[in-house]
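Colleague: I have a model open and would like to learn how to read it feature by feature. Could you walk me through it?

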Amino acid sequence: MAHEPLTQAEVLLEGFLALDTPEGFRAELIEGEIVVAPPPDGDHEDYINVVLKQVLRKSRTDMDYSGNKGLKLRSGGACPKNHAIPDGTFAPAGLRLFRGAESWMAPEGIALVVEVTSTKPQADREAKRRCYARGGIPLYLLVDRDESSVTLFSEPENDDYRQLLTIPYGKPLPLPEPFAFDLETGDFG
């Protein structure tokens, strides 16, 4: 029986989904490139923890959190569907989005994704930003360790976010609804 030949994008996606990464490593497929990241360092995890504690304590809307949620996001151009794993993913608790979700889920209902820069900061600043915007994720929070700054991207449209607010460590960053509080960034410095 003859089979239709696979496209390059289909071969890449199949190869990505079949990867067996070493324990603790994360593999993502971002804009046609397979990216494998080592386990994060302690400072990286501390920054995530600073954000997590504030969201859980101060958010106007009760939030659920996942630190390893795989997201299937629309791609741009000829590359296959992007598969990203944000450092942190928040969704309104009432939606219970993570319950029963597949390893790779659609982004609908997610309120905020968080990335802390590490070994490939340009991917967090550019490629992942575009992926999250294409997925319609309303808010993307980037803690940029090299720049000592925090940026909130909002109003996704097509391949990017229309609004961004960057502040240096130590200044409060206002998070809009459904969070509706100022994120304190002094502990990042």
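Modeller: Gladly, and keep in mind that this is a predicted model. Let us start with strand pairing: E6 and strand E8 (residues 112–116) run antiparallel and are joined by three bridges. One residue pair to look for is Thr89 with Val113, its bridge partner in E8.

Colleague: Which strand pairs with E6 over four bridges?

Modeller: That is strand E3 (residues 63–66), again in the antiparallel sense. Here you can pick out Tyr65, whose bridge partner in E6 is Phe90.

Colleague: Why is E6 described as largely enclosed by the rest of the structure?

Modeller: The idea is to check each residue against the burial cut-off, which is under 20% relative accessible area. E6 covers residues 88–92, and five of its five residues are buried, so the strand is largely enclosed by the rest of the structure. You can also split the strand by side: Gly88, Phe90 and Pro92 are on one face, Thr89 and Ala91 are on the other, and both faces are covered.

Colleague: Moving out to the whole protein, how many helices and strands are there?

Modeller: Three helices and 13 strands. Buried residues account for 43% of the 189 residues. For the fold's connectivity, take contacts between residues at least 6 apart in sequence: 55% of these join residues at least 24 apart.

Colleague: What does the radius of gyration tell me about the overall shape?

Modeller: Compare it with the value expected for a compact globule. For 189 residues that would be near 16 Å, and the protein has 17 Å, so the two agree. Along the principal axes, the C-alpha atoms fill a box of roughly 60 × 35 × 30 Å. The accessible surface comes to about 9900 Å², with 49% of it belonging to carbon and sulfur atoms.

Colleague: Now to the charged residues. How should I read salt bridges, and how many does the structure hold?

Modeller: The general idea is that side chains of opposite charge can pair when their charged atoms come close. In this structure there are 14 salt bridges. A good one to inspect is Arg130 with Glu31, at 2.6 Å from N to O. Arg130 sits in helix H3 (residues 121–134) and Glu31 in the loop between strand E1 (26–30) and E2, so the pair ties together parts that are 99 residues apart in sequence.

Colleague: Are those two buried, partly exposed or exposed?

Modeller: Arg130 is partly exposed, with a relative accessible area of 24%, and Glu31 is partly exposed too, at 26%.

Colleague: Which residues form salt bridges with Arg162?

Modeller: Glu155 is one partner, with the closest N and O atoms 2.8 Å apart. Glu157 also meets Arg162 in a salt bridge, at 3.1 Å from N to O. Glu155 has a relative accessible area of 36% and is partly exposed; Glu157, at 41%, counts as partly exposed as well. Elsewhere, salt bridges that share partners join Glu31, Arg130, Arg134 and Asp159 into one network.

Colleague: Last topic, the surface. Which residues form a nonpolar patch there?

Modeller: Look for Leu19, Phe25, Ile34 and Val36, which together have about 300 Å² of accessible area. Take Ile34 as your example: it is found in strand E2 (residues 33–37). With a relative accessible area of 32%, Ile34 is partly exposed.

Definitions and conventions. Residues numbered from 1 in each chain as written. Predicted model: local features only at pLDDT ≥ 70, side-chain atom pairs only at ≥ 80, totals over all residues. Heavy atoms only, no water. Patch = residues over 30% accessible without salt bridge, like charges linked within 9 Å, V, L, I, M, F, W, Y side chains within 5 Å. Areas by Shrake-Rupley, 256 points an atom, 1.4 Å probe, with all protein chains shown as cover. Salt bridge = Lys/Arg side-chain N within 4 Å of Asp/Glu carboxyl O. Helix = DSSP H or I, 4+ residues; strand = E, 2+ residues; numbered from the N terminus. Buried < 20%, exposed > 50% of the residue type's maximum accessible area, 1.4 Å probe, protein only. Rg over C-alpha atoms; globule rule 2.2 N^0.38 Å. Contact = heavy atoms within 4.5 Å. Pairing = 2+ DSSP bridges.
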